[in-house]
Amino acid sequence: MNKFLFIIILSLFNLIAIYSQKEPISIAGEAQGTTYHITYFDIKNRNLQPQIEKILRDFDLSVSTYIPNSIISKINSNEKNVKVDTYFKACFNKAKEVWKNTDGAFDPTVYPIVNAWGFGPGKKQKIEKQKIDSILQFVGFDLIELKGNRIIKKDPRVALDFNAFAQGYSVDVVSDFLKSKRITSFVVEIGGEVYANGKNVNGEFWKVGIEKPIDNKENGNPLKAIVKLENLAVATSGNYRRFVIEDGVKYAHHIDPKTGYPTKNNLLSASIFSKECITSDANATGVLVMGLERAKVFLELHPELEAYLIYSDENGKYQIYETPGIKEIVSEVVEEKKFSLFKEN
């Protein structure tokens, strides 16, 4: 048989096999202090939720600062002879890469300051310049390194926080698991971070929404845009979901590692698209800390990333900055309607 014809027939067979299951399998639950939603097509009609939830539990036992006996918590507490696992290594190495690329705008060692502001598991402290300055002495990713399976600190007060991008990595971990089961059409969402592979039952690429950055500690903001994910990940960082108000002043949870204070710029949300959700998630945090002008320069240097940035102009109006490839990703700009990828329970 002609090789080209054989490839076409094989491709058609695979397409028919995928969509012979007309109804997708949808699972949902709680993990990492948030929720997850996963939809996939499986010709074997397998319920993979128990295995996925075990993966997420094991993941938390590695990199969650909210679990006292996790690997990262033990390292932060300076327990002796702590060996890291593959989850921790992947997070550490990606953090080092993005820290370098963003010139320190993304820095997981900001954890003690995150705690001081009340955005971590630690007790909120009274914020004073002297206090912040004292903590900044042991903030810096050059103060910690990974040697083999162990972490080496230059100062025992150095502590790590992978929460800014760990959810993105957990999306990749679950996606890799589904691929290992020969599932090629799926979408994984954990805490709002998403990776989609293949197409839905209508033969279209999966679509998700980007929210308007309106102050709201709960989910459900109206959407600004609908995007299609063609074997692509998206993660969004914004200052509208997690914040505290102190003495009438709003402080967002994104801390500038260089100042020790929440970021102050006109960038309201950053949605970053890439082939891996860990990459999207970490860079979305870094971009939001940078602010619009620095982010533009950074994105020009990193064409592997596509970005959809929402910022406010001098009149307080929403404005959009898009990288060149975004026009192929954004399928619709919406104003006052809501869009949900998953059915309401």
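Select Gly291 to begin, the residue just after helix α8, where the backbone takes a positive phi of about 90°; helices here are DSSP runs of H or I of at least four residues, strands are runs of E of at least two, and both are numbered from the N terminus. This is a predicted model, in which local features need pLDDT of at least 70 and side-chain atom pairs count only at pLDDT 80 or more, while totals for chains, interfaces and linings use all residues. Residues are numbered from 1 along each chain as its sequence is written, and side-chain values use heavy atoms, with hydrogens and water left out.

Step back next to helix α8 itself, residues 277–290. Its 14 residues should span 20 Å at 1.5 Å a residue, and because the end C-alpha atoms are 20 Å apart, the model agrees with that expectation, the expected span being 1.5 Å times one less than the number of residues. The helix is mostly covered, with 14 of its 14 residues buried, where buried means under 20% relative accessible area, exposed over 50% and partly exposed in between, for a 1.4 Å probe and protein chains only.

From α8, select Lys94, which lies in helix α4 (residues 86–101). Lys94 counts as buried because its relative accessibility is 10%. Leaving aside residues up to four places away in sequence, Lys94 touches Phe165, Glu276, Ile278 and Thr279, a contact meaning heavy atoms within 4.5 Å.

Now display helices α2 (residues 49–63) and α7 (residues 166–180), whose axes come within 11 Å and cross at roughly 145°. The axes are lines fitted to C-alpha atoms, for helices over the stretch in contact, with angles running from 0 to 180 degrees between N-to-C directions. On the α2 side, the residues to select are Gln51, Ile52, Ile55, Leu56, Phe59 and Val63, and these meet Ala166, Tyr169, Ser170, Val173, Val174, Phe177 and Leu178 in α7. The residues of this contact divide into 11 nonpolar, 2 polar and no charged, with Ala, Val, Leu, Ile, Met, Phe, Trp, Tyr, Cys and Pro counted as nonpolar, Asp, Glu, Lys and Arg as charged, and the others, Gly among them, as polar.

Follow the chain on to Ser185, in the loop between α7 and β5 (186–190). Ser185 counts as buried because its relative accessibility is 1%. Select Phe41 as well: the C-alpha atoms of Ser185 and Phe41 are separated by 5.7 Å, although the two residues are 144 residues apart along the chain.

Finally, show the whole protein, whose secondary structure comes to 9 helices and 15 strands, and of whose 345 residues 53% count as buried.
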